[in-house]
Amino acid sequence: FRAAPARKADIALKHAERAKALKPDLDCVRTALARALVRRAVEAGKAHSEARISLLERALAEQDDPKTWYRLGRARREAKDLAGAADAFEKCGDDARAKFWAACCRGDPSEDAPIEHLEALYDGYAGRYDAHLSDALRSQAPALVAESVRGAKARKALDCGCGTGLSGRALFDAEACLQLEGVDLSEAMCEKARATGLYEDVAKGELCPCTGVPISHMKHPNDRNVRRAD
């Protein structure tokens, strides 16, 4: 089944190349060839990074397109060509994701990851998050967080960046709080946390603007609220 799309991409590319040979100056022909090259690059996948990069570079020679520059940036980054990746990302115009990746590739920490990028990243991660942290990474973070506030018995605690709710059970077992709420950027993560039944409420959003996160509390070290930040 995987071979079928690749064959179709090959056929489309051959037709586009024949059209280019016959009418090399027609804009519609160059556009069709660029699209066929990008399609073939997508089918090549990560396993064939050099071929993928070459196809995308050929596509850009036919048509200057920000989306293709972004694909090329990703392909070069995956091939460990960070300077080349940064060059490609910087040709993507005002794309916030591209600006972030360009800065990362150049070792510049000044650009924050766009919120939409983080949401999409963790939405896609939610289904395997628990297994990856617990089994693959053997993360001790939930236990360490709970141990740091053991016996606090706060009336209400806020789990900041609660993810799928891994810390919820640990906080209750440590008698850190009597009631727990959560907030996370990813709706898919929030759904997992709600499903645990441990949280009174789980809100999707950024921490500071989220209802129920009074920043003024940070000025009062004796406040009996427990909060965590990943």
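User: Which helices are among those that cover the buried residues of α7?
Analyst: This is a predicted model, where local features need pLDDT of at least 70, side-chain atom pairs count only at pLDDT 80 or more, and totals for chains, interfaces and linings use all residues. Residues are numbered from 1 along each chain as its sequence is written, and side-chain values use heavy atoms, leaving out hydrogens and water. In α7, the buried residues (under 20% relative accessible area; exposed is over 50%, partly exposed in between; 1.4 Å probe, protein chains only) are His117, Tyr125, Ala126, Tyr129 and Leu133. Their cover, judged by contact (heavy atoms within 4.5 Å), includes α6 (96-105), α9 (166-173) and α10 (187-195).

User: How many helices and strands does the protein chain have?
Analyst: Both kinds of element are DSSP runs numbered from the N terminus: helices are H or I with at least four residues, strands are E with at least two. Starting at the N terminus, the order is α-α-α-α-α-α-α-α-β-α-β-α-β-β. The tally is 10 helices and four strands.

User: Where does α7 bend?
Analyst: Look at the ends of α7 (residues 115-136): its 22 residues put the end C-alpha atoms only 26 Å apart, short of the 32 Å a straight helix would reach at 1.5 Å a residue. That expected span is 1.5 Å times one less than the number of residues. The bend at a residue is the angle between axes fitted to the seven residues ending there and the seven starting there. In α7 this angle is about 65 degrees, and the residue is Arg128.

User: What phi does Arg138 take, just after α7?
Analyst: Arg138 sits in the loop between α7 and α8 (141-148). With a relative accessible area of 65%, Arg138 is exposed. Arg138 isn't a glycine, yet its phi is positive, near 50 degrees.

User: Which residue in the loop between α4 and α5 has a positive phi although it is not a glycine?
Analyst: The residue in question is exposed, at 70% relative accessible area. Its phi is about 70 degrees. In that loop between α4 and α5, you want Lys80.

User: Which helix supplies the largest share of the largest nonpolar core?
Analyst: A nonpolar core is a set of buried Ala, Val, Leu, Ile, Met, Phe, Trp, Tyr and Cys residues joined through side-chain atoms within 4.5 Å. The largest one has 28 residues, and Leu13, Leu37, Leu56, Trp69, Tyr70, Leu72 and Phe89 have the most contacts inside it. α1 (3-22), α2 (27-44), α3 (49-62), α4, α5 and α6 each give at least two residues to this core. The largest share, six residues, comes from α2.

User: Which elements do the buried residues of α6 pack against?
Analyst: Ala98, Phe100, Trp101, Ala102, Ala103 and Cys105 are buried in α6. After α6 comes Gly107, with a positive phi near 75 degrees. The packing partners of those buried residues are α4 (66-78), α5 (82-89) and α7.

User: Which backbone nitrogen does the side chain of Asp184 reach?
Analyst: Asp184 lies in strand β2 (residues 180-184) and counts as buried because its relative accessibility is 11%. Leaving out residues up to four places away in sequence, Asp184 touches Gly161, Cys162, Gly163, Met189, Cys190, Ala203, Lys204 and Gly205. At 2.8 Å, the side chain of Asp184 reaches the backbone nitrogen of Gly163.

Methods:
Polar contact = N/O pair within 3.5 Å; in protein donor to acceptor, adjacent residues only side chain to side chain.
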